[in-house]
Amino acid sequence: MAEVLFGGIPVSVLTDSYKAGHFKMYPDAEKMVAYGEFRKGFQLNNGKHDQEDTRLIFYGIRYIVENFIAKQWTMEDVAKADKFYSQHMAPFYTDYPFPKEMFEKFIRENNGYFPVKLEALREGSVVHARVPVYQITAEKEYSRLCTFFETLLTMVWYPSCVATLSRRCKDVIAKGFEATVDE
């Protein structure tokens with residue numbers, strides 16, 4: 001049986017539902033590339049984004065890769081996804097588009113590993129808003145699956161915010177220490 005996470009929800013459905021239908025919208029391509037970035041700097045208590053210090057700490061990608069992206073898929077995962085997407089309503093009461101055959105093919109041809117290449121900055125990298133922090137590439141017949149994991153990859157936002165807040169707290173403590181401690 002396939003390993004399941006999130007209380008029994010298979011990784012095959014941990015995406016925004018509309019992502020499963022993207023394969024119909026994308027043109028034929030030899031290669032597709034997508035990337036992720038933080039669009040704004042750290043949000044302050046007043047709801048505004050810090051304009052002076054726009055640094056963010058990129059953190060959390062390793063957990064996502066090890067627990068989701070790098071997991072082997074099985075035919076059971078595809079069957080569960082097919083059942084899940086069959087419950088969706090597409091326009092004019094048609095079947096919701098899910099590339100079941102494409103998923104079954106990569107399980108047979110890639111030993112169950114999702115056919116994408118993920119490149120990312122190192123954990124703990126300090127970046128400014130609008131700097132790409134990861135890039136995902138899919139090629140040939142799998143190019144249309146390029147953005148399937150985009151939803152999962154955006155989960156780096158929360159741990160990155162926690163890491164950024166921790167760095168900011170450390171900066172405040174260091175300033176206080178320098179101002180109050182004699183050498």
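The count of salt bridges in this structure comes to 12. The model is a predicted one, and every distance and accessibility below is computed from it.

One of these salt bridges joins the side chains of Asp-171 and Arg-55, with 3.8 Å from N to O. Asp-171 belongs to helix H6, which covers residues 157-180, and Arg-55 to strand E2, residues 55-58, so the pair ties together parts that are 116 residues apart in sequence. The 3.8 Å separation falls inside the cut-off of 4 Å that is applied to a side-chain nitrogen of Lys or Arg and a carboxyl oxygen of Asp or Glu. Asp-171 is partly exposed, at a relative accessible area of 31%, and Arg-55 is also partly exposed, at 29% relative accessibility. The pair does not stand alone: Asp-53, Arg-55, Arg-167 and Asp-171 are linked in a network of salt bridges.

Helix H6 also holds Ser-160. Is Ser-160 buried or exposed? Its relative accessibility is 2%, so Ser-160 counts as buried, the limit for that class being under 20%. Leaving aside residues up to four places away in sequence, Ser-160 touches Phe-38, Ile-57, Phe-58 and Tyr-59. Strand E2, which covers residues 55-58, is thus the element to look at alongside the contacts of Ser-160 with Ile-57 and Phe-58.

A salt bridge of another kind of placement is found in helix H2. Glu-66 and Arg-62 meet there through their side chains, with an N to O distance of 2.8 Å. Helix H2 spans residues 61-69, and the two residues, being 4 apart within it, are separated by about one helical turn. Arg-62 counts as exposed, at 54% relative accessibility, whereas Glu-66 counts as partly exposed, at 45%; the boundary between these two classes is 50%.

The side chains of Glu-141 and Lys-105 form a further salt bridge, 2.8 Å from N to O. Glu-141 sits in the loop between strand E5 (132-139) and helix H5 (150-153), while Lys-105 is in helix H4 (residues 100-109), so this pair ties together parts that are 36 residues apart in sequence. Glu-141 counts as partly exposed, with 37% relative accessibility. Lys-105 likewise counts as partly exposed, with 26%.

Helix H4 comes up again with the cavity. A search of the whole structure finds 1 cavity of 30 Å³ or more, and about 40 Å³ of space lies in the largest cavity. Which residues line the largest cavity? They are Lys-19, Ala-20, His-22, Phe-23, Pro-99, Phe-103, Arg-144, Leu-145, Thr-147 and Phe-148. By class, the lining comprises 6 nonpolar, 2 polar and 2 charged residues. Phe-103, one of the lining residues, falls within the residue range 100-109 of helix H4.

Two loop residues remain, and both concern the backbone. Most residues other than glycine have a negative phi. Asn-111, although not a glycine, has a positive phi of about 55°. Its place is in the loop between H4 and strand E3 (117-120), and at 54% relative accessibility Asn-111 counts as exposed. Arg-130 has a positive phi too, near 75°, and is likewise a residue other than glycine. Arg-130 is placed in the loop between strand E4 (125-128) and E5.

Note on methods. Residues numbered from 1 in each chain as written. Predicted model: local features only at pLDDT ≥ 70, side-chain atom pairs only at ≥ 80, totals over all residues. Heavy atoms only, no water. 1 Å grid on protein atoms, 1.4 Å probe; cavity = no way out; pocket = protein on both sides within 12 Å on 5 of 7 lines; lining within 4 Å. Points joined across faces, edges and corners; volume = space filled by probe spheres on them. Nonpolar A, V, L, I, M, F, W, Y, C, P; charged D, E, K, R; others polar. Buried < 20%, exposed > 50% of the residue type's maximum accessible area, 1.4 Å probe, protein only. Contact = heavy atoms within 4.5 Å.
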